[in-house]
Amino acid sequence: RAKSDGRNTARFFDPAMQAVAEHQAALERALHDALSTRQFVLFCQPQFSAAGQLVGAEVLVRWRRANGELLGPDAFIGLAESSGMIVPLGQYVLEESCRALARWRTDCTLGKLELAVNVSAQQLRNDDLASSMAGILRQTGAPAEKLCLELTESVFAENVAAVIERMHALCSLGVHFSLDDFGTGYSSLAYLKRFPLTALKIDRSFVHDVHLDADATSIVEAIIALAHKLKLDIVAEGVEHEAQRAFLVDSGCNTLQGYLLGRPMPMRDFERLYSGAGTGG
Ligand code: C2E
Ligand code: MG
Ligand code: MG
Ligand code: MG
């Protein structure tokens, strides 16, 4: 972002700033059309138990632009949030994920897996998520108990009572919740007991240094101890090195996800790789 030199008018004539604004406006127009032209693609990243068994996958959206460029969520989720597009986009991701779960039912490996889907605070706030979720489950025939909705701590900045009520409505459909990027946001420990959660995901910033830095080690050990006291599972994201994996497993982490174990890949590739594969080979 261009810095103002103190005169209010300066920024209107700053070509760099204007270029950024034009780029953002073009991106927002393109984002608007991307849903109807089916440019969003779902990637899956495998998740493994501490013992090394495939137990599920996280769904991560990508934007395949008309020019062939593949954009990661960091390039457009913010814009989708500010433009309100996140609600229909999130709905699309849920639909496609539930179609996959329904498709996988009869497969001896895929049929056992859980899918974790990121849900933004806005979806939980603006949309009647429970009734649209009920509709998606009915239409797709997906097994609800295999669907885990990942929330971030940003939902706790809102009307907490309303959030809890909506979460319970969704739980009564059979889906469950995990708390993503734990430790990076409004992590009021008091909230943890009030929200119907089944798991905490330790943010990858803590996992990154867990085998190197004494503070990161202590934080991760404390999070795992807290989670287990509250009868929550622990998922570690961003596991890149064997030393991190070994430490996390020794510390009692239940589920692991990261480049060491598997990269995000197009959902079709994930299905081909793991379908019917008794041992994942
Ligand atoms: P997240 O939910 O925390 O997802 C994990 C991110 O970490 C993913 O980035 C994944 O590719 C990346 N990652 C996984 N393993 C490793 C690793 O070993 N090392 C490193 N450095 N990174 C790893 P991605 O796909 O770029 O997604 C970024 C964020 O975008 C996600 O963070 C999530 O918050 C958001 N997002 C993705 N898909 C959706 C969606 O459908 N809806 C919403 N609302 N948000 C989404
Ligand atoms: Mg996530
Ligand atoms: Mg995460
Ligand atoms: Mg994260």
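These legends describe close-up views of two magnesium sites in a predicted model.

**View 1. The site of the magnesium ion (ligand 3).** Protein donors to this ion are D180 (OD), D181 (OD) and E237 (OE). They lie 1.8 to 2.6 Å from the metal. Along the chain, these donors follow the spacing D-D-x55-E. D180 and E237 link distant parts of the chain, 57 residues apart. D180 sits in strand β6 (residues 176–182). E237 sits in the loop between β8 (233–236) and α10 (242–250).

**View 2. The site of the magnesium ion (ligand 2).** E58 (OE), N118 (OD1), E150 (OE) and D180 (OD) coordinate this ion. The distances are 2.0 to 2.2 Å. The donor spacing along the chain reads E-x59-N-x31-E-x29-D. N118 and D180 also join distant parts of the chain, 62 residues apart. N118 belongs to strand β4 (residues 114–118), and D180 belongs to strand β6.

**View 3. D180 between the two ions.** D180 coordinates both the magnesium ion (ligand 2) and the magnesium ion (ligand 3). The two ions are 3.5 Å apart. D180 thus bridges them.

**View 4. Accessibility of three donors, D180, E237 and N118.** D180 has a relative accessible area of 5%. D180 counts as buried because this value is under 20%. E237 is buried too, at 8% relative accessibility. N118 has a relative accessible area of 32%. N118 is therefore partly exposed, as this value falls between the 20% and 50% limits.

Terms used. Residues are numbered from 1 along each chain as its sequence is written. Chains are lettered from A and ligands numbered from 1 in the order in which they are written. This is a predicted model: local features need pLDDT of at least 70, side-chain atom pairs count only at pLDDT 80 or more; totals for chains, interfaces and linings use all residues. Side-chain values use heavy atoms; hydrogens and water are left out. Donors are N, O and S atoms within 2.8 Å of the metal (3.2 Å for Na, K and Ca); water is not among the atoms, so sites may look incomplete. Helices (H or I, at least four residues) and strands (E, at least two) are DSSP runs, numbered from the N terminus. Buried means under 20% relative accessible area, exposed over 50%, partly exposed in between (1.4 Å probe, protein chains only).
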